[in-house]
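User: I'm new to this structure and would love a close look at its backbone, especially the places where it does something unusual. Could you walk me through it, and show me what lies around those places?

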Amino acid sequence: MVLAMPPPGGAVASAAGSVLLDRLRRPLRDLRISLTDRCNFRCTYCMPREVFGPGYEYLHRRDLLDFEEITRLVGIFSALGTRKIRLTGGEPLMRRNVPELVSQLRRRAPEVELALTTNGSLLARFAGDLHAAGLHRVSVSLDALDDATFMKMNDADVPVSRVVEGIDAAVAAGFSPVKINSVIRRGVNEHAIEQLADRFSGPDHIVRFIEYMDVGNSNGWRMQDVVPASEIAARLEMDGSLSPLPPREIGEVARRFRTARGGEIGIIASVTQPFCKNCNRARLSSDGRLYTCLFGSHGTDLRGPLRAGASDHEIAEIIRATWELRGDRYSELRTAAGPKPRKIEMSAIGG
């Protein structure tokens with residue numbers, strides 16, 4: 001039997017009400033905040049070494065939003081209806097004192113869910129402090145369980161064991177379930193699908209398989225590099241151990257399945273079934289630019305007005321005007337039109 005893929009978003013009732021809406025009536029519910037443009041990995045689909053090599057110029061510390069600026073912006077976004085904040089990078093744990101930032105955010109916006117996405121290489125060191133500071137959820141990127149494949153994809157001298165150690169530390173600290181995000185690329189790591197699903201099939205983990213989608217300028221969304229979500233689902237259903245789950249909320253990007261051992265698996269069809277119509281995410285770059293799409297090439301400057309003394313109301317009006325003009329459907333249009341290379345630095349806008 002081939003497992004049917006339930007639709008993303010589903011018939012989930014919207015609680016948007018008078019919340020801020022864009023031109024397609026999508027609410028601004030989620031904000032991803034990049035804490036740094038630096039990372040200790042060089043994943044080929046995110047920060048390839050040929051671009052982010054020795055000569056690459058990263059942002060100066062003074063150009064980064066400081067913690068007080070980030071906290072103030074989160075307070076403004078929460079007043080506009082944002083209910084989930086995800087801290088990203090680069091690798092966010094390369095930024096100093098992230099647990100202190102989490103504490104500040106919890107005090108400023110206690111009603112907002114706080115999450116963090118990491119490559120896991122530093123997580124064992126910080127998991128306990130992050131949980132104590134008030135972080136709610138952790139997601140870890142892990143594309144394979146064998147060192148050869150893992151290092152080929154992240155192009156860094158970091159073994160799988162260090163990431164698994166970070167995942168285990170996060171569970172021990174109280175982050176359960178921990179999400180594990182795996183990008184599947186044709187001819188590279190298809191074999192990892194079953195291995196990851198088996199290794200993390202229990203209730204302490206949620207494994208999410210993501211269609212390979214280059215957001216740089218290297219593959220132009222070549223379909224020969226993509227393992228479609230339908231194929232991933234078919235491979236996982238061969239033993240009949242998965243059952244579909246309904247979406248938790250509108251805008252959810254993963255198709256969810258329950259495993260026989262009480263865990264959860266998600267499949268994200270980012271290329272073959274783009275989810276632009278339900279996208280409720282904005283992205284704040286590490287230098288304070290607001291992007292309304294992962295593939296946006298121009299962001300709205302919020303750092304400048306912040307440092308020029310703008311009031312919370314004035315900043316809110318800039319955010320409101322930016323979101324209300326939003327009509328982004330980039331993935332849907334690009335998938336329909338076929339490959340068209342475009343340069344974007346994912347690390348800068350919290351992919």
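Analyst: Let's start at Arg25, which is exposed, with a relative accessible area of 62%. Please keep in mind that this is a predicted model. Arg25 has a positive phi of about 65°, although it is not a glycine. You can find Arg25 in the segment before strand 1 (30-34).

From there, follow the chain into strand 1. Strand 1 and strand 10 run parallel and are joined by four bridges. One pairing to look for is Asp30, whose bridge partner in strand 10 is Arg281. In strand 10 itself, Arg281 and Arg283 point one way while Ala282 and Leu284 point the other way, yet all of them are buried.

Strand 10 (residues 281-284) also has strand 11 (residues 289-291) as a partner: two bridges join them, and here the strands run antiparallel. Arg283 has Tyr291 as its bridge partner in strand 11. Between the two strands of this hairpin are four residues, and Gly288 in the hairpin takes a positive phi near 85°.

Now step back to the whole sheet. It is an open sheet of twelve strands with mixed pairing, in the order 7-8-9-6-5-4-3-2-1-10-11-12. At its edges are strand 7 (243-245) and strand 12 (300-301), each of which pairs on one side only. Helix 7 (residues 229-236) packs on the sheet, where it touches strand 5 (178-184), strand 6 (205-211) and strand 9 (264-268). The direction of helix 7 makes about 155° with that of strand 9.

Two peptide bonds are worth a stop along the way. A cis bond joins Gly89 and Gly90, with omega at about 10°. Gly90 sits in the loop between strand 2 (84-88) and helix 2 (98-108). Another cis bond joins Ser176 and Pro177, with an omega of about 5°. Pro177 belongs to the loop between helix 5 (160-173) and strand 5.

Next, look at how two helices are placed. In helix 3 (residues 123-133), the buried residues are Leu123, Ala127, Leu130 and Ala133. They span an arc of only 140° around the axis, so they lie on the same side of helix 3. The face turned away from that buried side carries the exposed residues Arg125 and Ala132. Among the elements that cover the buried residues of helix 3 are helix 2, strand 3 (113-118), strand 4 (137-141) and helix 5. Just after helix 3 comes Gly134, with a positive phi of about 115°.

Helix 4 can be read in a similar way. Thr149, Phe150, Met153 and Asn154 are buried in helix 4. Their arc around the axis is only 115°, so they are on the same side of helix 4. Ala148 and Lys152 are exposed, on the face turned away from the buried side. The buried residues of helix 4 pack against helix 5 and strand 5.

Right after helix 4 you reach Asp155, a residue other than glycine with a positive phi near 50°. Asp155 lies in the loop between helix 4 (147-154) and helix 5. With 31% relative accessibility, Asp155 counts as partly exposed.

For the interior, a good place to look is the largest nonpolar core, which has 90 residues; Leu87 and Phe209 touch the most other members of that core. Leaving out residues up to four places away in sequence, Phe209 touches a list of residues including Ile184, Ile193, Leu196, Ile232, Leu236, Ile265 and Ile267. A second, separate core has six residues, including Met213, Val226, Leu294 and Phe295.

Finally, a word on confidence. The mean pLDDT of the protein is 86, and 84% of its residues reach 70 or more. Over residues 1-17 the pLDDT is below 50, and this stretch has 38 contacts in the model beyond near neighbours in sequence. Residues 339-349 also have a pLDDT below 50, with 49 contacts in the model beyond near neighbours in sequence. Where pLDDT is low, the predicted coordinates should not be read in detail.

Conventions
Residues are numbered from 1 along each chain as its sequence is written. This is a predicted model: local features need pLDDT of at least 70, side-chain atom pairs count only at pLDDT 80 or more; totals for chains, interfaces and linings use all residues. Side-chain values use heavy atoms; hydrogens and water are left out. Two strands pair if DSSP finds at least two bridges between them. Contact means heavy atoms within 4.5 Å. Axes are lines fitted to C-alpha atoms, for helices over the stretch in contact, and angles run from 0 to 180 degrees between N-to-C directions. Buried means under 20% relative accessible area, exposed over 50%, partly exposed in between (1.4 Å probe, protein chains only). pLDDT is the predictor's confidence in each residue, from 0 to 100. The arc is that of the directions from the helix axis to the C-beta atoms. A nonpolar core is a set of buried Ala, Val, Leu, Ile, Met, Phe, Trp, Tyr and Cys residues joined through side-chain atoms within 4.5 Å.
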